[in-house]
Amino acid sequence: MLLRHLPRRAICAEIGVWKGEFSARILRRTRPKQLHLIDPWKFEAEYPERYYGGGGAANQDDMNRVFDDLRSRLAKKRNVVIHRGMSRDVLPTFGDAHFDWIYIDGNHTYEFVLEDLQLCLRKTKPNGIIAGDDYNWRSGEGYPVRRAVSPKQ
């Protein structure tokens, strides 16, 4: 439903891509002028329940295969640019107010979400959109995404 509300033919980014299923929906639904896919595709054992830490990949070789598969499907599209790296390293390479919208679905730890939000505020145009998912994620961890997005709650 979110994609219906995002501008078409936009310059946009997705932070946290995994296998690119949502990326494919972005391409179909919004037909972006340019879609920047940002993800380190790095195995992180300290997050064993997450896709990139054991929940979907068992090691770095698995992450490399996920990346290679995504690259083989999407890199040939003229409007897709793949950035293999942390959002904290990739986003600063763009000028301020570069993106029409950014979708955040990276590491859901409070500190990472907060850092992504702060970076995206600078990199999104003044009337741009910053969106994401999993607002109510992990009640047992105190809703880290919600706390980063709405710190006064």
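A salt bridge is a side-chain nitrogen of Lys or Arg within 4 Å of a carboxyl oxygen of Asp or Glu. The structure is a predicted model, in which local features need pLDDT of at least 70 and side-chain atom pairs count only at pLDDT 80 or more, while totals for chains, interfaces and linings use all residues. Residues are numbered from 1 along each chain as its sequence is written, and side-chain values use heavy atoms, with hydrogens and water left out.

**Exercise 1. Describe the salt bridge of arginine 73 and the setting of its two residues.**

Solution.
Step 1. The partner of arginine 73 is aspartate 69, and their closest N and O atoms are 3.2 Å apart. Six salt bridges are found in the whole structure.
Step 2. Both residues belong to helix H2 (residues 60-74); helices (H or I, at least four residues) and strands (E, at least two) are DSSP runs, numbered from the N terminus. Because they are four residues apart in this helix, about one helical turn separates them.
Step 3. Accessibility is classed as buried (under 20% relative accessible area), exposed (over 50%) or partly exposed (in between), with a 1.4 Å probe and protein chains only. Arginine 73 is partly exposed at 33%, and aspartate 69 is partly exposed at 40%.
Step 4. A general remark applies: side chains of opposite charge can pair when their charged atoms come close.

**Exercise 2. Determine whether aspartate 96 is buried or exposed, and do likewise for lysine 123.**

Solution.
Step 1. The side chains of aspartate 96 and lysine 123 meet in a salt bridge of 2.8 Å, N to O.
Step 2. This pair links distant parts of the chain, 27 residues apart: aspartate 96 is in the loop between helix H3 (87-90) and E4, and lysine 123 is in helix H4 (residues 110-123).
Step 3. Aspartate 96 has 53% relative accessibility and counts as exposed, whereas lysine 123 has 5% and counts as buried.

**Exercise 3. Identify the strands that pair with E4.**

Solution.
Step 1. Strand E4 covers residues 99-104, and five of its six residues are buried.
Step 2. Two strands pair if DSSP finds at least two bridges between them. Strand E1 (residues 11-15) pairs with E4 in the parallel sense over four bridges; isoleucine 15 has isoleucine 104 in E4 as its bridge partner.
Step 3. Strand E5 (residues 124-132) runs parallel to E4 and is joined to E4 by five bridges. Here tyrosine 103 stands opposite alanine 131 in E5.
Step 4. A salt bridge also connects lysine 125 with aspartate 100, the closest N and O atoms being 2.9 Å apart. Lysine 125 lies in strand E5 and aspartate 100 in strand E4, 25 residues apart. Lysine 125 counts as partly exposed at 30% relative accessibility.

**Exercise 4. State how far apart the C-alpha atoms of valine 17 and leucine 37 are, and how far apart those of aspartate 68 and histidine 108 are.**

Solution.
Step 1. Valine 17 is placed in the loop between E1 and H1 and is buried, with a relative accessible area of 5%.
Step 2. Valine 17 and leucine 37 are 20 residues apart along the chain, and their C-alpha atoms are separated by 6.5 Å.
Step 3. Aspartate 68 is found in helix H2 and counts as partly exposed at 37% relative accessibility.
Step 4. Aspartate 68 and histidine 108 are 40 residues apart in sequence and 24 Å apart in space, C-alpha to C-alpha.
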